[in-house]
Amino acid sequence: MFTFTLRYNEGMDVLDAIQKMLNESGESQNALAEHLGRTRQSISNMFRTKSDVRVDTLARMAEFMGYKLILKSKDDMIEIVPRNDDGK
């Protein structure tokens, strides 16, 4: 499992984080697209048009590449997990 901290003051936005996860995991945009049930072009367009990414999609992407999506406060941590295929 890979770990890195995404902090706003480091200037990394969601698409930068996705690209970092791709780079660090060695996965390709093709493999990511296949895992998400999308086309390679849709992933490429996401980066090109700087599209917003839904939290549940980001959680699925992170899990696929060996990461966890975690929200952290001073006193608490919440892991966002992808929904199962049955919507739960």
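Helices and strands are here runs of residues assigned by DSSP, a helix having at least four residues and a strand at least two, and they are numbered from the N terminus. In this predicted model, the chain follows the pattern α-α-α-α-β-β when read along the sequence. It thus contains four helices and two strands.

The chain has 88 residues, of which 27% are buried. About 6,600 Å² of the chain is exposed, and carbon and sulfur atoms supply 46% of that area. Among contacts with a separation of 6 or more, 46% are accounted for by residues 24 or more positions apart.

Helix H4 is a useful place to begin. This helix spans residues 55–64, and Thr57, Leu58, Ala59, Met61 and Ala62 are its buried members. Which elements do the buried residues of H4 pack against? Their partners are helix H1 (14–25), helix H2 (29–36), helix H3 (40–48), strand E1 (69–72) and strand E2 (77–80). An α-helix has 3.6 residues a turn, so residues three or four places apart point the same way. Just after H4, Gly66 takes a positive phi of about 85°.

Beyond H4 come the two strands. E1 and E2 run antiparallel and are joined by four bridges. The connection between E1 and E2 is a hairpin of four residues. Two of the pairings can be followed residue by residue: Ile70 has Glu79 in E2 as its bridge partner, while Leu71 is paired with Ile78, also in E2. In a regular strand the side chains alternate between the two faces of the sheet.

The meeting of helices H2 and H3 can be followed through two residues. Gln29 lies in helix H2. With a relative accessibility of 17%, Gln29 counts as buried, because the cut-off for that class is under 20%. Apart from neighbours within four places in sequence, Gln29 is in contact with Gln19, Leu22, Arg40, Ile43, Ser44 and Phe47. One of these residues, Arg40, is found in helix H3. Arg40 is partly exposed, at a relative accessible area of 38%. Leaving aside its own neighbours within four places, Arg40 is in contact with Gln29, Asn30 and Ala33. The C-alpha atoms of Arg40 and Asn30 are 5.1 Å apart in space, although the two residues are 10 residues apart in sequence.

The loop between H3 and H4 contains Lys50. Lys50 has a positive phi of about 55° although it is not a glycine. Most residues other than glycine have a negative phi. Is Lys50 buried or exposed? Its relative accessible area is 64%, so Lys50 is exposed.

Lys50 also contributes to the lining of the second largest pocket, together with Asp13, Val14, Leu15, Asp16, Phe47, Ser51, Asp52 and Val53. The volume of this pocket is about 160 Å³. Helix H1 supplies the largest share of the lining, with three residues. Phe47, another lining residue, is also among the residues in contact with Gln29.

The charged side chains complete the picture. Side chains of opposite charge can pair when their charged atoms come close. How many salt bridges does a search of the whole structure find? The search finds two. In one salt bridge, Lys20 is joined to Glu24, with the closest N and O atoms 3.8 Å apart. The cut-off for such a pair is 4 Å, so this distance falls within it. Lys20 and Glu24 are four residues apart in helix H1, and therefore about one helical turn separates them. Both ends are partly exposed: the relative accessible area is 29% for Lys20 and 43% for Glu24.

The other salt bridge joins the side chains of Asp56 and Arg54, at 3.0 Å from N to O. Asp56 is partly exposed, with a relative accessible area of 28%, whereas Arg54 counts as exposed at 59% relative accessibility. Asp56 falls within the residue range of H4, so this salt bridge returns the reader to the helix whose buried residues pack against H1, H2, H3, E1 and E2.

Technical notes
Residues numbered from 1 in each chain as written. Predicted model: local features only at pLDDT ≥ 70, side-chain atom pairs only at ≥ 80, totals over all residues. Heavy atoms only, no water. Buried < 20%, exposed > 50% of the residue type's maximum accessible area, 1.4 Å probe, protein only. Contact = heavy atoms within 4.5 Å. Areas by Shrake-Rupley, 256 points an atom, 1.4 Å probe, with all protein chains shown as cover. Pairing = 2+ DSSP bridges. 1 Å grid on protein atoms, 1.4 Å probe; cavity = no way out; pocket = protein on both sides within 12 Å on 5 of 7 lines; lining within 4 Å. Points joined across faces, edges and corners; volume = space filled by probe spheres on them.
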